Amino acid sequence: MISDFNSWGERLLVISIPYSYTFQSFSRALRRGNQKVCIRPCIACHAGCLNRIFKMQDICCALNPAAAREKEYALVPTETPKKVLVVGGGIGGMEAARVCAIRGHQVTLCEKTDRLGGMFIAASNMSFKDADKRLIRWYEKQMRDLPINVKMNTLVTEEMIAEMTPDVLFIATGSTPRMLRLPGADNSYVLNAVTALNEPEKITGDHIVVIGGGLTGCEIAYD
């Protein structure tokens, strides 16, 4: 039975399971009867796995820094618990909160909106981005399952920080869209990428122009 499982597991890990899935976390999830939510999903970015293999570099993972580095990046309990404040509930903020909570710190995460996910919400809105949606759900579950005080609809101010007196402060507020400095750029029909992805009903008319041919521009044009 064990040899059969190991043989099956080896093929599964090599062929199917992305590098963000460690064998340990996969086996633990199976024992718990839940292999979908407990395991951090792969978004198929290939940034740390296939891309690095093709460059003859050590593998890693854009989502899981500990992939292939489990010993070096092992999350061990802290000997000096601290009060941690994380400002911003995007992927970066939730990962900082998750790691700190696992290590035994007292963590508060503040998000100014009513949703966790940050820019990943917009990134996951395209029709073919189901994996990104699963990643947001995975982090939402981590925030619920771990001892993290999550405050939604909370805009952090200097006064709030002074009142909370955190030992460690993470600023994970992300970025703001860059707008064109051209006449007419402030017209109502000119949208930035985040607005276009979050509010597609604002994209109207028969002739649409997408300025910028990076991944985001290509995905908006495709969708």
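## Exercises on a pocket and two aromatic pairs

The largest pocket holds about 1,400 Å³ of space, in a model that is predicted.

**Exercise 1.** Determine which residues lie closest to the centre of the largest pocket, and which helix gives the most to its lining.

*Solution.* Begin with the lining of the largest pocket, which comprises 44 residues, those closest to the centre being Leu191, Asn192, Ala193, Thr216 and Ile220. Next, turn to the helices: H5, helix H8 (193-198) and H9 each supply at least two residues of this lining, and H9 gives the most, with five residues. Finally, sort the lining by residue class, which yields 28 nonpolar, 11 polar and five charged residues.

**Exercise 2.** Classify the aromatic pairs that a search of the whole structure finds, and decide for each ring residue whether it is buried, partly exposed or exposed.

*Solution.* The search finds two aromatic pairs. In the pair of phenylalanine 128 and tyrosine 222, the ring centres are 5.4 Å apart and the planes stand at 75°, so the pair is edge-to-face, given that angles over 60 degrees count as such. This pair links distant parts of the chain, 94 residues apart, with phenylalanine 128 in the loop between helix H5 (119-123) and helix H6 (130-145) and tyrosine 222 in helix H9 (residues 215-222). Phenylalanine 128 has a relative accessible area of 40% and is therefore partly exposed, whereas tyrosine 222, at 62%, is exposed.

Tryptophan 138 and tyrosine 139 form an edge-to-face pair, with 4.9 Å from centre to centre and 85° between the planes. Tryptophan 138 is buried, its relative accessible area being 5%, and tyrosine 139 is buried at 1%.

Technical notes
Residues are numbered from 1 along each chain as its sequence is written. This is a predicted model: local features need pLDDT of at least 70, side-chain atom pairs count only at pLDDT 80 or more; totals for chains, interfaces and linings use all residues. Side-chain values use heavy atoms; hydrogens and water are left out. Rings of Phe, Tyr and Trp (its six-membered ring) pair if their centres lie within 6.5 Å; planes under 30 degrees apart count as stacked, over 60 as edge-to-face and the rest as tilted. Helices (H or I, at least four residues) and strands (E, at least two) are DSSP runs, numbered from the N terminus. Buried means under 20% relative accessible area, exposed over 50%, partly exposed in between (1.4 Å probe, protein chains only). On a 1 Å grid over the protein atoms alone, a cavity is a set of points where a 1.4 Å probe fits but cannot get out, and a pocket is an open set with protein on both sides within 12 Å along at least five of seven lines; lining residues have an atom within 4 Å of a point. Grid points are joined across faces, edges and corners, and a volume is the space filled by probe spheres set on the points. Ala, Val, Leu, Ile, Met, Phe, Trp, Tyr, Cys and Pro count as nonpolar, Asp, Glu, Lys and Arg as charged, and the others, Gly among them, as polar.
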